[in-house]
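Please look over the sequence and the three-dimensional structure below, and keep both in view while reading the report that follows.

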Amino acid sequence: MDEDYDVIVLGTGLKECILSGLLSVDGLKVLHMDKNDYYGGESSSLNLIQLWKRFRGNDKPPEELGTSKEYNVDMIPKFAMANGTLVRVLIHTDVTKYLNFKAVDGSFVYNKGKIYKVPATDVEALKSPLMGLFEKRRARKFFLYVQDFDESDPKTHEGMDLNKITAKEFIAKYELEDDTIDFIGHALALFTDDIYLAQPAMDFVKRVKLYAESLARFQAGSPYIYPMYGLGELPQAFARLSAVYGGTYMLNKPQCKVEFDEGGKVVGVTSEGETAKCKKVVCDPSYLPDKVQKVGKVARAICIMSHPIPNTNDSHSAQVILPQKQLGRKSDMYLFCCSYFHNVAPKGKYIAFVSTEAETDDPEKELKPGVDILGAVDEIFYETYDRFVPSHDSAADNCFISKSYDPTTHFESTVMDVLDMYSKITGKVVDLSVDLSAASAAAEE
């Protein structure tokens, strides 16, 4: 271990593994360490026995739930947008060869006490029971504009400069109702709050367009894909990539202590009496707790069920977004469901998550609107975890710390954090102009 490295990465969470892979591909000498004896950190996948140990101590899981090894329960469950940033990173790094994806069956939104399929095109808008007749026509015009929009072709802009007008001003041109704006902003554009309405419309339009194009990619009921056997496969795939390019991995390294010089710059990492020297350190918040600040808390419920989420067309995998206004909350609530179709549970079993930004100290009460939608559950576990963000100047100490995972059930915010960190570490931008057909090959119909 007593060697010099360009970068030492601490923790094998998904963000850290993606960065380790990207940096190794760039030709940097990377050492990757984890205090745990397993991959994944916060974003690991647990079998049934591990799940019980985490939440129920020494109790044994009931036999009727099936064999432990057939369960792969993701601790940070998130779907990937078929044309989204994560898929582009997977193709850019050629990690797709280590993974098999399958399309997710359904994408839904909660509105006035009911669950509806999220309409994302002009055709779907006309069919959707979410809107009345006149609203359908207005929504259709909105979706046609988004579908035809091409940033490089001014003819498609219809005289609007989306970098200058706000999302609110842009939406006002279509006279859409508040409920329609709500589901478009939160279930299609995937904004977590309504701040986007006061920001330039360009990002909003691009996000809705990404959703619609991702939906069209696999002709499935949603724009999302998900790996067979769950997300635990992702950190390991990037770890494999890093190793192929000369990265070194060490699990089960206790007390990884980051060492600094007199000027406060990182010089290495010590574990078990040995010090590896480095120029930069990448880690999750748990390795440098004095350089992060708490910004919130995630509340979630993990459920094992014997049926799909009701009113989702018997979807074996689905996302349901409950916009904040529908619940009288400050933050959205997310439902995630996966099953034996993605090999994350035995035949006939479903894994569901309900997650949100905690606004109280009572997760059970707070998550009730989402849990109620699930119907009968075989088992349910509640937990909360704190969310941290870096509070230091990474340019001053050469430590690059990832943000904690948010409650969203899709990957867009996670990967944006990774790409932002990559740019700070290297001074470069990842080229994500890739041939997306490679993703089609990696995804099973």
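## A hairpin, a core and two contrasting residues

Phe-108 has Lys-117, in strand E8, as its bridge partner. This is a predicted model, and in it strand E7 (residues 106–111) and strand E8 (residues 114–117) pair in the antiparallel sense over 4 bridges. The hairpin that E7 and E8 form has 2 residues between the strands, and in this hairpin Lys-112 takes a positive phi near 50 degrees.

From the hairpin we can turn to the interior. In soluble globular proteins, nonpolar side chains tend to be buried together. The largest nonpolar core in this model has 107 residues, and the members that touch the most others are Phe-142, Leu-162, Phe-170 and Phe-204. Helix H8 (residues 201–218) supplies the largest share of this core, namely 9 residues. Another core, which lies apart from the largest one, has 23 residues, and Phe-108 is among them, as are Ala-301, Val-354 and Leu-374.

Helix H8 deserves a slower reading. It has 18 residues and reaches 27 Å from its first C-alpha to its last, which is close to the 26 Å expected at 1.5 Å a residue. The buried residues of H8 include Phe-204, Val-205, Val-208, Leu-215 and Phe-218, but also Lys-209 and Ser-214. When its neighbours within four places in sequence are left aside, Phe-204 is in contact with several residues, including Phe-142, Phe-170, Phe-191 and Tyr-196. After H8 comes Gln-219, whose phi is positive, near 55 degrees.

Two charged residues can be set side by side in a table.

| Residue | Element | Relative accessible area |
|---|---|---|
| Lys-141 | helix H5 (residues 133–148) | 56%, exposed |
| Glu-379 | strand E18 (residues 379–390) | 15%, buried |

Why is Lys-141 called exposed? Lys-141 is exposed because its relative accessible area of 56% is over the 50% cut-off. Glu-379, in contrast, counts as buried because its relative accessible area of 15% is under the 20% cut-off.

Which residue's side chain is joined to that of Glu-379 by a polar contact? The partner is Arg-56, and the polar contact between the two side chains is 3.0 Å. Leaving aside its neighbours within four places in sequence, Glu-379 is in contact with Arg-56 and also with Trp-52, Pro-62, Leu-65, Ile-302, Cys-303 and Ile-304. As for Lys-141, its C-alpha atom is separated by 38 Å from that of Ile-351, a residue 210 residues apart from Lys-141 along the chain.

Note on methods
Residues numbered from 1 in each chain as written. Predicted model: local features only at pLDDT ≥ 70, side-chain atom pairs only at ≥ 80, totals over all residues. Heavy atoms only, no water. Buried < 20%, exposed > 50% of the residue type's maximum accessible area, 1.4 Å probe, protein only. Core = buried A, V, L, I, M, F, W, Y, C linked by side-chain atoms within 4.5 Å. Contact = heavy atoms within 4.5 Å. Expected span 1.5 Å × (residues − 1). Pairing = 2+ DSSP bridges. Polar contact = N/O pair within 3.5 Å; in protein donor to acceptor, adjacent residues only side chain to side chain.
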